[in-house]
Amino acid sequence: MFKFLAEAFKVRDIRRKILFTLFILASFRLLAHTPVPGVETAALKEFFQANQLLGMLDLFSGGGLQNFSVVTLGLNPYINASIILQLLQMVFPKLEELSKEGEYGRERINVYTRFLTLPLAALQAYGFYFLFMRQGVVHPLTPLGVVSLVITLTAGTLLLVWLGEQITEYGLGNGISMLIFAGILGRTPLTLAQVAVNLRAENFFSFLAFLGFGLLVIAAIIYIDEGARQLPVQYAKRIRGQQLSGGGETHLPLKINSAGVIPIIFGVSLMMIPGTVGRYLDAVPQPWVQKLAGWLVTFFDPASTSYIALYFVLVVAFTYFYTAVTFNPEKVAEDIKKYGGFIPGIRPGRPTADYLNYILTRITLAGAVFLGLIAVLPSILQNLSGVAGLSIGGTGVLIVVSVILETLKQLESLMVMRDYEGFLS
């Protein structure tokens, strides 16, 4: 692999993409360590040590939340806006039609997502200020100071969205995923080291079991991510003038996990909202509101059984949902028919679309259940072992491995394109 990376780095265009991506990621890490004024750092660290949910949020902000930096909110508002827009496509037919209009439709939906990110980021910024102020972490501000803080944190999120789009266009990999990857990678080694120290202090064999489980999880993620059902597709020969052309057989790969890491990101982002709202409502001087706030905090505690079960269901549901968004059996069947192809034993057209949907539904079930189990197993192990941080480390490793695999595939495709260009020229 290192030889492949060295060969890729020698190519001028690919080297430019890699260096540009590294520059953006370094800028993101610098922003994550640029705190806003008026923060009690010691009190903030103590508060985070006692709150696992905020630790999970800090993981996705790359340490920006624990530092209360200008990018405290991370990309969570943008991810939540993306979830809302994709759910609205199932409700409003015009949005669904817009999503099917190719590049233009996707660009318009991206514009709507950015507009929705703005109020979500502002609301979340004020919520964090209110929460941290009640804990004595942030000094009380004047109304003008609050407005200034909300604008700063909202601008930080919009800046991250812009940086992610720059990576997608000029760099390597998906920009949003790469920023989340960089944030997790910056926090995961420390989290895993703390877990390892705790396990080693209690039981050396538990420490070895933890390492073995981590390697097993990484191997399973790679195996499932590379797994695919290869459907044979035959193409009939065509007569052009006096000659026969075309024909042959190829394969249509249907991946076990077509959604990649997106369901995990969507699921975690959605599960964080109720707990955050509960802590915000806890300050309302109404008994029924405080009771509701207490229920939200308890039900959505990352260590609770209810949180684990709901998280698993959400990951499975989002896997099916995102697979349906990215893979259209009707369009694939129509393209196969257009070029004179057919699946042996299946008639072209609608029967082919039904067959593809039949196969995809069943193999996606295996991928969705696996993804859900990988997502919740660290939390289950944390409850059994009593060692904090396992759930954070497990989720981080899952996302990091998936993003690395996706980026390497894109890098490999760029190398293949470069070889073809050299051959044709």
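**Reading contacts, a helix face and a cavity**

Me: Arg114 has a relative accessibility of 28% and counts as partly exposed. The model is a predicted one. Why does 28% relative accessibility make Arg114 partly exposed, rather than buried or exposed?

Reply: A residue is called buried under 20% and exposed over 50%, with partly exposed in between, so Arg114 at 28% falls into the middle class. Glu107, at 36%, is also partly exposed, and Glu165, at 25%, counts as partly exposed too.

Me: How should I read a salt bridge, and with which residue does Arg114 have its closest N and O atoms 3.7 Å apart?

Reply: Side chains of opposite charge can pair when their charged atoms come close. In this model the partner at 3.7 Å is Glu107, and the two residues form a salt bridge. Arg114 also meets the side chain of Glu165 in a salt bridge, with 2.6 Å from N to O. That pair links distant parts of the chain, since Glu165 lies in helix α8 (residues 143–170) and Arg114 in helix α7 (residues 102–134), 51 residues apart. Taken together, Glu107, Arg114 and Glu165 are linked in a network of salt bridges.

Me: How many salt bridges are there by this rule, and which residue forms one with Arg350?

Reply: The count comes to seven salt bridges. Arg350 pairs with Glu330, the closest N and O atoms being 3.3 Å apart. Here again distant parts of the chain are linked, with Arg350 in helix α15 and Glu330 in helix α14 (residues 329–338), 20 residues apart. As for accessibility, Arg350 counts as exposed at 51%, whereas Glu330 is partly exposed, with a relative accessible area of 40%.

Me: Turning to a single helix, which residues of α2 are buried, and which exposed residues does the face turned away from them carry?

Reply: A useful habit is to check the span of the helix and then to ask where its buried residues point. Helix α2 (residues 12–32) has 21 residues and reaches 30 Å from its first C-alpha to its last, close to the 30 Å expected at 1.5 Å a residue. Its buried residues are Ile14, Ile18, Thr21, Ile24, Leu25, Phe28, Leu31 and Ala32. Because they cover an arc of only 150° around the axis, they lie on the same side of α2. The face turned away from that buried side carries the exposed residues Arg12, Leu22, Phe23 and Leu30.

Me: How many cavities of 30 Å³ or more are there, and which residues line the largest cavity?

Reply: A cavity is an enclosed space that a 1.4 Å probe fits into but cannot leave, and here the count comes to one cavity of 30 Å³ or more. About 50 Å³ of space lies in the largest cavity, which is lined by Ile221, Ile224, Asp225, Asn257, Phe370, Leu371, Leu398 and Ser402. By class, this lining has five nonpolar, two polar and one charged residues. Helices α10 (204–226), α15 (350–385) and α16 (390–424) each supply at least two residues of the lining, and the largest share, three residues, comes from α10.

Me: Where is Val400 placed, and is Val400 buried or exposed?

Reply: Val400 is placed in helix α16, and at 10% relative accessibility it counts as buried. The C-alpha atoms of Val400 and Ile184 are separated by 7.3 Å, although the two residues are 216 residues apart along the chain.

How values were computed:
Residues are numbered from 1 along each chain as its sequence is written. This is a predicted model: local features need pLDDT of at least 70, side-chain atom pairs count only at pLDDT 80 or more; totals for chains, interfaces and linings use all residues. Side-chain values use heavy atoms; hydrogens and water are left out. On a 1 Å grid over the protein atoms alone, a cavity is a set of points where a 1.4 Å probe fits but cannot get out, and a pocket is an open set with protein on both sides within 12 Å along at least five of seven lines; lining residues have an atom within 4 Å of a point. Grid points are joined across faces, edges and corners, and a volume is the space filled by probe spheres set on the points. Helices (H or I, at least four residues) and strands (E, at least two) are DSSP runs, numbered from the N terminus. Ala, Val, Leu, Ile, Met, Phe, Trp, Tyr, Cys and Pro count as nonpolar, Asp, Glu, Lys and Arg as charged, and the others, Gly among them, as polar. A salt bridge is a side-chain nitrogen of Lys or Arg within 4 Å of a carboxyl oxygen of Asp or Glu. Buried means under 20% relative accessible area, exposed over 50%, partly exposed in between (1.4 Å probe, protein chains only). The expected span of a helix is 1.5 Å times one less than its number of residues. The arc is that of the directions from the helix axis to the C-beta atoms.
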